[in-house]
Amino acid sequence: MNAIVNISRLLKGKLAKTGLSSFKGGVHPPQHKLESTTSPIRSVAAPKHLVLPLRQHVGNVSKLQVAVGDHVLKGQLLAKADGQVSAAVHAPTSGVIASIGNQLIPHPSGLPDISITLEADGSDQWIEHQALDYLSMSKPELLDHLREAGVVGLGGATFPSHIKLREDARHPVRTLIINGAECEPYISCDDMLMRERTDEIVRGIEIMRYLLDAEVCAIGIEDNKPEAIQAMREAVAKSAIAIDVIPVPTIYPGGGAKQLIKVITGKEVPSGRLPTEIGVQCFNVATAYSVHRVVNHGEPVISRIVTVTGNVDRPGNYEAPLGISISELVQLAGGEAEDGDLVMGGPMMGFNLPAADVPVVKATNCIIVPSAEMFPEPEPALPCIRCTRCADACPVNLQPQELYWFSKSQNLEKAREYKIFDCIECGCCTYVCPSNIPLVQYYRYAKSEIIAQDRAKEAADIARERNEFRLMRIEREKQERAQKHAQKAAGAKAEAGVDSAAEAAKKAAIAAAVERAKAQKAEVVAKNTEEASPRVEAEIAKIEARRAHQPEPPVQPEQAQLFAEQQEAPAASGTGQADGLQPLSKEKQPTEEAK
Amino acid sequence: MNRSPYLTDAPSVTSIMLRVLLALVPGIAAYVWVFGGGILVTLALASVTALSVEALMLKLRERPIRMFITDGSALVTAWLLALALPPLAPWWLVVLGTAIAIVLAKQLYGGLGYNPFNPAMVAYAALLISFPLLMTSWPAPLALAETQLGFIEQMQFIFSGALPTGVALDAVTSATPLDYLKTQLMLNHSMEEIAQSTIFGALGGQGIELIAAGYLLGGLFLIQQRIITWHLPTAFLASIALIAAIFYLSDASRFADPAFHLFSGATMLCAFFIITDPVSGPTTPKGKLIFAAGIGFMTYIIRVYGGYPDGVAFAVIFFNICVPLIDACTQPRVFGHEK
Amino acid sequence: MLTALYVMIGLALLLGIVLGYSALKFKVEGDPLVARIDALLPQTQCGQCGYPGCKPYATAIAKGEADINQCPPGGDAGVHALADLLGVEYKPLNAEHGLPKPKSVAVIDENVCIGCTLCIQACPVDAILGAAKHMHTVIASECTGCELCVAPCPVDCISMEPIAESPANWKWRYPVFEIKPERPVQKKSAA
């Protein structure tokens, strides 16, 4: 280990002379890439049953475009992008939509999410599609095509690519970096793609360069992939544009976008900002490949290369249709898929799949079938002895031992202050910890807790604002009512006897209503008094006499109007005074009955 | 259910501690050569005490005993204290000191990883304040003593305080070079006169400089093994050398030269084994430099002006207190941030 | 003797002036304490504390009229935060005011709603949309889950539904960090 570190330091020194920069920290885990690179990429036929989650990307959930029972063709749009930060989902084969609902997805939460289930009809029939003549198209038009084709970053982040390919006048992209570093152990999908689909990747890069109008174009590949470097060098020599193939030192996490940008350009992406602010944009090689498929073939993203490795008979790379069950893929590779065992992603940043039959999604770059010896159960954690091996290994120069302390004691404000959100969760700290502390898990916990708290705080602020506005509104209405009362009173005094025509009409209407009510009442009253005993009749007469003494309660027109306003106010749109008056007449009824 | 990274490659805490013990071996060998085999008895006493007291405390605190007893940290503390005590210290002093280190300075604060002060230094300081005479009476190196005690005689002395018949206490003890220097300077003797004494060697104290070289060798091994970083020893030694040089150049007749300060007392032990205790030290690179340089400065001041012959223990404890402040003020620049 | 007296009087006067001046110069507008307490309250506006909203409760706490453990939606964490802010002892939630529940939103059964607007009037954050005789609906993102609309509904068509955990709002759990005691297997072999 020491020897490796020393050699890598020497190498770093050497590379510094060759013009490459480096980042602090990093580790050298065993590679384990040879197992899966001995055979070429194998193509996987569409299975009978596919599950396509609507959330396979960062951003809004895609909007459904099909219904249960629809027959769809291969490449047909199933769900379109909802807004700018979103990506479309397409049918990987032809078939019938069997159901739409919550299904288990490959996500660390182990929670189900809305997905489309497609039963293949076996004919694998393509929808009509054609290549685009992108040079004759406007750039926004081309970007829309990419959005509709569901192109996202295939390195694992799955951020919609069309957003990153938009030209930004404030931050023009000078350098386009294509990430072929693939620093995580075991994973080799990008390596094999670069070896076998070299020209296609270059075509994709050409389109990206055209969209961004970048001056410099570079592909960073870790120097543990000499075949890929050789193949890419040969391919870029044939390209019309100048593309540099840059071998970068093999060190984990050298394939992180910000780390690779630092190594190649020597510039650090400011914390919490986008690489465009320093004039750089970075894409995975597989993303460049899918851009090529979309533009030059008209094919949306319906498959991807997945490394299946570990405890399987035929480790290697498989071009799998999205939506195929991971257990099927593992069986194809000659492995046994047991629930809760499989790991998606690499051994440093991957996660345990909640079940073996979750589908392959756009983020699925690698499936590892572990054996007991490969990933042994961690030893029980000892207390931190502050040895700072983690700090030495941290590629972003954090103080992991402090962050651990704050996260463990749930001192979240302090964790934020010590820049926990700059942590890229690469796992280097845990990798070197002599006390076996699951450091990254503490950081993940602290981060998601802080995010949840921030959301709650935001919601509380909105609620406070809305509550204050409501109280203010009620207060304002009260004042207005009081003002109107005062005006009415003053007006009545000044114009004593001089009724406006409208008021007269209103009064007349009210009088008429009162009359009608009286008449009605008279009718009703008459009915059960006809055959009354003399004693009862006397009683009635008495009551009538008492009532006659009481004056009729006047209906206040302004009161009714105010009530109507009060009723209407919270509603988004008024529906007229008549409706507002409704509850008042309800209230009036008991008074009348009492009479 | 998600526990990535699934891979780890780290030495265990136990292996780190064992390598620290291994690095002490050259120093101990030199110690035996210079002062005789008595130190081996002291080391054994301290080790047994440390392990049994640690086990007892873990039991009382209801902590897993096997897991923490095997981490080796108690042994490191015990050995460092034993090496800091005067050779041939009585057995009860060794036992008491070790118990203070493990119980008061370590377990009562929460055990491994939670002690704010260096346990060995807390125990050393407590003993120095409580038993100043015992703690400052050093046997002369064998080469200088009138009577050379054998291993069995040294063991007898440690356990019963009895010397072989006919040997007076004065025949085996002598002032340490630091002590001698201080008293002689107080008597207005010049450095040149003082340096004539046989207790001074080529660089530091006669014999003691050999032990210091042993520690230096062990320390370089630790750096090579990446168990400690270069920051702490370098800053500490540089700080002592620098301040000693300033004083020496200002008046060579009243102040010892830098080499003397580097190779006498506990300087080397401190530089590579004591201030490098990760638990009670700072964690940032810059913080380590400040911490070590501060201890070096303070050690020198206590040596020259303080009431105690060597100030390492007090300097370390004082700067242990400052560690949180030093760490907070020296946070390194995070990737993508402006400083 | 006299000098000392003069010095003391002089000092007292000087300090008095300084204090008086700073009291005027650095006077803080409003009552920052109420705002700071209010900032810690969850703004559910449910009134379970016995006050007509979060702000009145905050004001009451600031005046010392109300205790800090009367807010069930704030939960234990809320009481801790208030205790920290006010420098008082933490005390467990007062069950008289209700128990903390998982955060939920009001849902109106649109087939049953008669459009009476009573819930609209009850909602403290205007999160219910509708008009008289027209079906009402809850803006889920604005609903604080205060339950104030449930009681006024004459046809009992409003129910509270807990917000389900989904991959979008899911949180990482606190890592289980157990120092395992000696393995029982080893104990058996020893015995």
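This briefing covers the contact between chains A and B, one helix of chain A, and the overall build of chains B and C. The model is predicted. Chain B is as compact as a globular protein of its length, because its radius of gyration is close to the value from the globule rule. Chain C is more spread out than a compact globule, because its radius of gyration is well over the rule's value.

**Where chain A meets chain B**

- The contact joins 47 residues of chain A to 31 residues of chain B.
- Four elements of chain A each supply at least two residues of the side that touches chain B. They are β16 (351-352), α10 (389-393), α13 (428-432) and α14 (439-494).
- The largest share of this side comes from α13(A), with 3 residues.
- By class, the side of chain A that touches chain B has 28 nonpolar residues. It also has 13 polar and 6 charged residues.

**Helix α6 of chain A**

- Helix α6 of chain A runs over residues 226-238, which makes 13 residues.
- Its end C-alpha atoms are 19 Å apart. At 1.5 Å a residue the helix should span 18 Å, so the two values agree.
- The buried residues of α6(A) are A228(A), I229(A), A231(A), M232(A), A235(A) and V236(A).
- These buried residues cover an arc of only 165° around the axis, so they sit on the same side of α6(A).
- An α-helix has 3.6 residues a turn, so residues three or four places apart point the same way.
- The face of α6(A) turned away from the buried side carries exposed residues. They are P226(A), E227(A), E234(A), A237(A) and K238(A).
- The cover over the buried residues of α6(A) includes two helices of chain A, α4 (189-196) and α5 (198-212). It also includes the strands β10 (216-222) and β11 (244-248) of chain A.

**Chain B as a whole**

- Chain B has 16 helices and 2 strands.
- The radius of gyration of chain B is 21 Å, and the globule rule gives 20 Å for 339 residues. The values are close, so chain B is as compact as a globular protein of that length.
- Along the principal axes, the C-alpha atoms of chain B fill a box of roughly 75 × 50 × 30 Å.
- Of the 339 residues in chain B, 52% are buried.
- Among contacts in chain B with a separation of 6 or more, 75% are between residues 24 or more positions apart.

**Chain C as a whole**

- Chain C has 6 helices and 4 strands.
- From the N terminus on, the elements of chain C run α-α-α-α-β-α-β-β-β-α.
- The radius of gyration of chain C is 27 Å, well over the 16 Å that the globule rule gives for 191 residues. Chain C is therefore more spread out than a compact globule.
- Along the principal axes, the C-alpha atoms of chain C fill a box of roughly 90 × 75 × 30 Å.
- Of the 191 residues of chain C, 27% count as buried.
- Among contacts in chain C with a separation of 6 or more, 57% are between residues 24 or more positions apart.

**The two domains of chain C**

- The domain assignment of chain C gives domain 1 (32-97) and domain 2 (101-164).
- The C-alpha centres of these two domains of chain C lie 25 Å apart.
- In chain C, 6 residues of domain 1 are in contact with 7 residues of domain 2.
- The side of domain 1 of chain C that touches domain 2 has 1 nonpolar residue, 5 polar residues and no charged residues.

Methods: Residues are numbered from 1 along each chain as its sequence is written. Chains are lettered from A and ligands numbered from 1 in the order in which they are written. This is a predicted model: local features need pLDDT of at least 70, side-chain atom pairs count only at pLDDT 80 or more; totals for chains, interfaces and linings use all residues. Ala, Val, Leu, Ile, Met, Phe, Trp, Tyr, Cys and Pro count as nonpolar, Asp, Glu, Lys and Arg as charged, and the others, Gly among them, as polar. The expected span of a helix is 1.5 Å times one less than its number of residues. A residue is buried if 20 or more other C-beta atoms lie within 10 Å of its own, exposed if 12 or fewer, and partly exposed in between; C-beta atoms are placed from the backbone. The arc is that of the directions from the helix axis to the C-beta atoms. Domain bounds come from an automatic or database domain assignment. The radius of gyration is taken over C-alpha atoms; the globule rule is 2.2 Å times the number of residues to the power 0.38.
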